[in-house]
Amino acid sequence: MANIDAFGHVTGTSIYVDDIPVMQGTLFIKVFDAPVAHGVIEALDYSEAEEMEGVVKVFSYKDIPGENQIGGIIADEPLLAEKEVHFWGQPILLVVAENEIAAEEALHKIHISIKELPVITDPKEAFLKGKFLHNSRTFESGNTENAFREARYIFEGSADSGGQEHLYLETQGAYAYPMEHGSIKIHSSTQGPTQVQRTVAKVLGIGMNKVEVDVARLGGGFGGKEDQASPWAAMTALVSWVLKKPAKCVLHRMEDMRMTGKRHPYRSDYKIGLDKDFNIIAYEATFFQNGGAAADLSPAVMERTLFHATNSYQIPHVKVQAHGCKTNLPPNTAFRGFGGPQGMFVIESAIDHAAQKLKVSRESIQARNLMENGYQFPYGQIVEGCEARTCWEELNAKYPIEGIRKDILTFNENHAFLKKGMALMPVCFGISFTNTMMNHSRALVHVYSDGTVGVSTGAVEMGQGVNTKMLQIAAQEFGLDASQIKLETTNTTRVANTSPSAASATSDLNGKALLDACSQIKARLKNMLWVKNDLEAGAEVRFEGGKVWMEGMEEPAIWIDVVLDALARRINLSAKGHYATPKIHFDKIKEKGHPFAYHVYGTALTTVTVDCIRGTYELEAVHIVHDFGTSMNRLVDLGQIEGGLVQGIGWMTMEEVAYNNKGRLLSNALSTYKIPDIYSVPKEINTHFLPTDNNNMAIYKSKAVGEPPLMYGIGAFFAIAEAIRAFNPDAPLHLPYCAPMTPEKVLMALYGE
Ligand code: MTE
Ligand code: HPA
Ligand code: MOS
């Protein structure tokens, strides 16, 4: 089934926050943000701004009726700065005017003087100075100390990865208006409607029951709107609440880039130990997470770094620890992969290091260390349904690795200034929120008296196609045509206490709740049909093709007749479904448990060509074998693979978030921040479905697909590194594991000694 939003998107009729027709009297908000990264506010004068034509009021933290607090996990982040600022771009004031231009002009009439304090942008420096956002954690299995004593080969080094701008097409924004009885309604571009509701209630000092959050869809979230949609929603709510008028705040691109957090940059140290056969027997890593100025989602992101620190490899002795370092950058946040990619980059670097020194191919070390069923992850979960090796072997069968390697060698021998390289990248990613309590969901289904169906869930559509999948489920369960089903907006009044749409688990969680709701309604209908037709209770009833087939009856009933019949008998044709992922648990003291419903596996083979005169590179091909389970929508899933892959390649190669040492974002616009375009995507992407059908924890056995493919992009880094070494064998010394691998870095490595 085609994505139900496709037509709207290409014809421009899909509605985003900024497309909602505004009501008369709507006020517009511009945010006045910190012009330095760290300091004490000594003087702040906005009287001139407030007197300008069209300006209604300037809000400071003093105008907040409830709490000036938006921290999600840890209460460490004010909505509006009070006495100090901690990052460049931190919101201080809200200028409210009758139109955006007036608000914008008034920004320039605000006078602020700040006594600057020392700025930290580097997590290792923060670590040394004892600046932490949250507790350090260690995952451990076996005994690395002993194992390193026995290891034949030991390699140590460091690996750093950079930040990443989400660059959702739709910038952050919200539109709020007062409703009756002291309540308020907010349209927010958020992955977490409940989080917005909770934050607004706290900031306004009112009950959550007075706050209705509605989300039609997002023009992309990628994690950037899991928690960081809340401040803009809270600001519009604040203005609307105090002034009793509709209020709107939609950030411009440069404001969004400056004021919001990004993927966490990490600096990391590793130590890897191998035996004589190149089995990895011990691995240690220390991760320094650059969290920015407030905790935001950093504790959870850091946890996932530890969960995925050994990627797809079976290593008996592991000790990985992580520190959540506080710096003067905007609070960094969720980004596709959620800390996993940062962890995987480090072990891939360690393996690369070992391969260089041992003069063997990376893939030979990777292949022999892939995990198998029965292996126990350092965090205690036992590997089941493992497809690491099946994916690898399937890929090798389709694209013989040795043959490709030979072709590359031949090519490199015959070309002086063009060099090719290749890399394999296996991925193993855990599905479930690592915080067990978040793994639950609900769905609300109404069957109307004309037989059509309305579906509400807690899932937010952000381009990943979850609404299409929800629609498929309802259509399948009732045996109706897709045109009979309507996917409603995501709304906190209809479906409450939801977890954000994140962790790639949205379809599983909401789909299973939806299944439950449909089953309840079907059970009532079945019951009615058994009684009415004198059938045995338990006789099979199938809903298919708009008809209802009953075991023991020759003719099926027509769906609409069954519906009318049920209503005539006063049967409830609405249901609320609920789902809570079974079996999962995790003990954060012991750091052991079974946190994931299941794991997703896959392997990618990336080939690149480096232009050794210019330092530029082209991605020739990426071949992927991915474990989709039994995909319920191959087109949507394929889109996730390709989009995730390209986003990962961008992170690893060209996207460079640059701050100067004063904490000012230099890559603050699309002229200075480069994301993959049509010319930089791989010339060929071949995705092969590894069909498996053993996973009952996935909705219809269709495994989660949102985040895992991003990590295939890590292969691009190592493929480029290999091509560089083909040109300059001395390059390793000058080619630290430091992503992104921009053309500048490539050029320097090509000609470094
Ligand atoms: N795909 C699109 N088109 N837009 C997005 O914002 N977000 C990604 C991924 N794929 C995203 C996307 C992220 S970060 C996650 S966690 C998942 O989708 C969330 O959706 P899911 O749980 O339905 O996979
Ligand atoms: N993944 C994504 N988002 C989250 C998680 C997670 O594991 N935990 C909390 N938010
Ligand atoms: Mo995705 S980073 O879990 O929103």
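**Figure 1. Meet the neighbours of ligand 2 in this predicted model.** The residues around ligand 2 are Ala-300, Ala-502, Ala-503, Phe-338, Phe-433, Met-438, Thr-434, Glu-226 and Arg-304. Sort this shell by character and you get 6 nonpolar residues, 1 polar and 2 charged. As for the spot itself, ligand 2 takes up the space of the second largest pocket.

**Figure 2. Zooming in on the polar contacts of ligand 2.** Start with the nitrogen side of things: a nitrogen atom of ligand 2 has a polar side-chain atom of Glu-226 at 2.6 Å. Now look for oxygen. Arg-304 brings a polar side-chain atom to 3.1 Å from an oxygen atom of ligand 2. Thr-434 uses its backbone instead, with an N or O atom 3.1 Å from an oxygen atom of the ligand. How much of the accessible area of ligand 2 does the protein cover? On its own, ligand 2 has 260 Å² of accessible area, and the protein covers 98% of that.

**Figure 3. Who surrounds ligand 1?** There are 16 residues around ligand 1, and the ones that come nearest are Gly-221, Phe-222, Met-462, Thr-506 and Gln-640. The shell splits into 5 nonpolar, 9 polar and 2 charged residues.

**Figure 4. Zooming in on the polar contacts of ligand 1.** Which part of Met-462 lies 2.8 Å from a nitrogen atom of ligand 1? That would be a backbone N or O atom. Arg-336 joins in through its side chain, where an N or O atom is 3.2 Å from a nitrogen atom of ligand 1. Over at an oxygen atom of ligand 1, check out Thr-506: one of its polar side-chain atoms lies 2.5 Å away. Ligand 1 has 510 Å² of accessible area on its own, and the protein covers 92% of it.

**Figure 5. Stepping back to see where domain 1 and domain 3 touch.** The domain assignment of the chain gives three pieces to look for: domain 1 (6-117 + 167-259), domain 2 (266-434 + 589-750) and domain 3 (440-580). How far apart are the C-alpha centres of domain 1 and domain 3? They lie 37 Å apart. The contact between these two takes 18 residues from domain 1 and 16 residues from domain 3.

How values were computed. Residues are numbered from 1 along each chain as its sequence is written. Chains are lettered from A and ligands numbered from 1 in the order in which they are written. This is a predicted model: local features need pLDDT of at least 70, side-chain atom pairs count only at pLDDT 80 or more; totals for chains, interfaces and linings use all residues. Side-chain values use heavy atoms; hydrogens and water are left out. A residue is near a molecule or strand if one of its heavy atoms lies within 4 Å of it. A polar contact is a pair of N or O atoms within 3.5 Å; within protein, one must be able to donate a hydrogen and the other to accept it, and residues adjacent in sequence count only if both atoms are side-chain atoms. Accessible areas come from the Shrake-Rupley method with a 1.4 Å probe; for residues, only the protein chains shown count as cover. On a 1 Å grid over the protein atoms alone, a cavity is a set of points where a 1.4 Å probe fits but cannot get out, and a pocket is an open set with protein on both sides within 12 Å along at least five of seven lines; lining residues have an atom within 4 Å of a point. A molecule sits in a cavity or pocket if more than half of its atoms lie within 2 Å of its grid points. Ala, Val, Leu, Ile, Met, Phe, Trp, Tyr, Cys and Pro count as nonpolar, Asp, Glu, Lys and Arg as charged, and the others, Gly among them, as polar. Domain bounds come from an automatic or database domain assignment. Contact means heavy atoms within 4.5 Å.
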